Amino acid sequence: MSTLEIRDLHVEINTGEAEPIKILNGVNLTIKSGETHAIMGPNGSGKSTLSYAIAGHPKYTVTQGSITLDGQDVLEMGVDERARAGLFLAMQYPVEVPGVSMSNFLRTAATAIRGEAPKLRHWVKEVKESMSELDIDKAFAERSVNEGFSGGEKKRHEILQLGLLKPKIAILDETDSGLDVDALRVVSEGVNRYKERENGGVLLITHYSRILRYVKPDFVHVFAAGKIVESGGGELADELERDGYERFTRAAV
Ligand code: ADP
Ligand code: MG
Ligand code: MG
């Protein structure tokens with residue numbers, strides 16, 4: 001049983017200009033094992049900033065508040081330590097890593113996180129099965145990480161990592177964006193398998209409610225102007241689908 005606790009989180013982006021830009025203005029959120037939280041909000045409201053701050057991206061500075069995982073101070077940890085502690089981020093725009101094959105990348109990541117190299121025979125089988133569950137052609141194992149992948153292929157590979165790395169808490173930043181209906185179903189099934197097998201906690205950041213038909217959230221949070229402005233259950237996603245974000249963005253300014 002794990003708990004990720006975010007308290008009064010304030011974050012700035014260092015853009016290289018003299019003044020950093022303040023993006024998050026006091027985010028409070030608690031995610032426990034087995035729970036699925038959806039954060040929904042308009043473009044530019046700071047959703048990705050929240051995910052980067054949790055993952056420890058160096059461009060994002062926490063100026064106030066705290067993030068803990070099972071009571072441990074996440075903000076004190078480096079990026080690698082956060083991953084080893086059990087945090088996983090599927091980025092909205094996954095990075096390309098030319099010259100590093102998917103299979104090498106996955107094995108290196110799994111070794112770092114598990115603390116020892118997975119036994120080769122067992123590992124090969126595990127990767128094969130996971131790829132087949134996600135309808136990923138086996139040729140991808142030898143391709144460079146994300147290089148030349150379509151948007152949908154990148155997202156499938158994020159979910160492949162999720163299934164193999166088995167984090168305690170997974171943050172999925174717009175993993176549903178740009179997917180056609182078939183890919184959305186495959187990706188959603190991957191998330192649901194992770195929930196069932198690992199009893200993981202999921203933070204699903206999304207712009208649209210359609211993924212929530214496949215991955216059922218226990219809690220829905222509306223994000224506007226750098227914080228959560230309302231929380232509820234699945235019905236809140238239905239309201240957003242129907243009425244849009246206007247009611248919340250007006251209230252947030
Ligand atoms: P969301 O994921 O909700 O669309 P983001 O967290 O990506 O929002 O962005 C929040 C705000 O921060 C936006 O106004 C965006 O333009 C701004 N922002 C993000 N990254 C940078 C950057 N590198 N330089 C300047 N502004 C940025
Ligand atoms: Mg955006
Ligand atoms: Mg974003």
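Two strands pair if DSSP finds at least two bridges between them. Keep that rule at hand for the exercises below, which explore a predicted model.

**Exercise 1. Find the strands that pair with E3, and say in which sense they run.**

Step 1. Start with strand E11, residues 219–224: four bridges join E3 to this strand, and the two run parallel. Within this pair, His-37 stands opposite Phe-219.

Step 2. Now turn to strand E10, residues 201–206. Five bridges link E10 with E3, again in the parallel sense. Here Ile-39 sits opposite Ile-205.

Step 3. Compare with the rule: at least two bridges are needed for a pair. E3 has five bridges with E10 and four with E11, so both count as pairs under that rule.

**Exercise 2. Decide whether the two faces of E3 are covered or open.**

Step 1. Recall a general pattern: side chains in a regular strand alternate between the two faces of the sheet.

Step 2. Sort the residues by side. Thr-36, Ala-38 and Met-40 lie on one side, while His-37 and Ile-39 lie on the other.

Step 3. Check burial, for which 20 or more other C-beta atoms must lie within 10 Å of a residue's own. The residues on both sides are all buried, and both faces are therefore covered.

Step 4. Draw the conclusion: since five of the five residues of E3 (residues 36–40) are buried, the strand is largely enclosed by the rest of the structure.

**Exercise 3. Follow Met-40 into the largest nonpolar core.**

Step 1. Find the core: the largest one has 57 residues, and Met-40 is among those with the most contacts inside it, together with Ala-53, Ala-170, Ile-171, Leu-172, Leu-203 and Leu-204.

Step 2. Ask which element gives the largest share of this core. That is E2, with five residues.

Step 3. List the contacts of Met-40, leaving out residues up to four places away in sequence: Thr-206, Val-220, Val-222, Phe-223, Ala-237 and Leu-240.

**Exercise 4. Describe the shell around ligand 1.**

Step 1. Name the surrounding residues: Ile-13, Thr-15, Ile-21, Ile-23, Gly-41, Asn-43, Gly-44, Ser-45, Gly-46, Lys-47, Ser-48 and Thr-49.

Step 2. Sort them by character. Three are nonpolar, eight are polar and one is charged.

Step 3. See which elements contribute. Strand E2 (21–32) and helix H1 (47–55) each supply at least two residues, and H1 gives the most, with three.

**Exercise 5. Compare the surroundings of Glu-174 and Asn-199: buried or partly exposed?**

Step 1. Look at the backbone. Glu-174 has a positive phi of about 50° although it is not a glycine. Asn-199, also a residue other than glycine, has a positive phi near 50°.

Step 2. Place them. Glu-174 belongs to the loop between strand E9 (169–173) and helix H6 (181–198), and Asn-199 to the loop between H6 and E10.

Step 3. Use the neighbour counts. Glu-174 is buried because 21 other C-beta atoms lie within 10 Å. Asn-199 counts as partly exposed because it has 14 C-beta neighbours inside 10 Å.

**Exercise 6. Work out whether the chain is as compact as a globular protein of its length.**

Step 1. Take stock of the elements: the chain has eight helices and twelve strands.

Step 2. Use the radius of gyration. At 18 Å, it is close to the 18 Å that the globule rule gives for 253 residues, so the chain is as compact as a globular protein of that length.

Step 3. Add the burial: 36% of the 253 residues count as buried.

How values were computed. Residues numbered from 1 in each chain as written. Chains lettered and ligands numbered in written order. Predicted model: local features only at pLDDT ≥ 70, side-chain atom pairs only at ≥ 80, totals over all residues. Near = placed C-beta within 6 Å. Nonpolar A, V, L, I, M, F, W, Y, C, P; charged D, E, K, R; others polar. Buried ≥ 20, exposed ≤ 12 C-beta atoms within 10 Å, placed from the backbone. Core = buried A, V, L, I, M, F, W, Y, C linked by C-beta atoms within 7 Å. Contact = placed C-beta atoms within 7 Å. Rg over C-alpha atoms; globule rule 2.2 N^0.38 Å.
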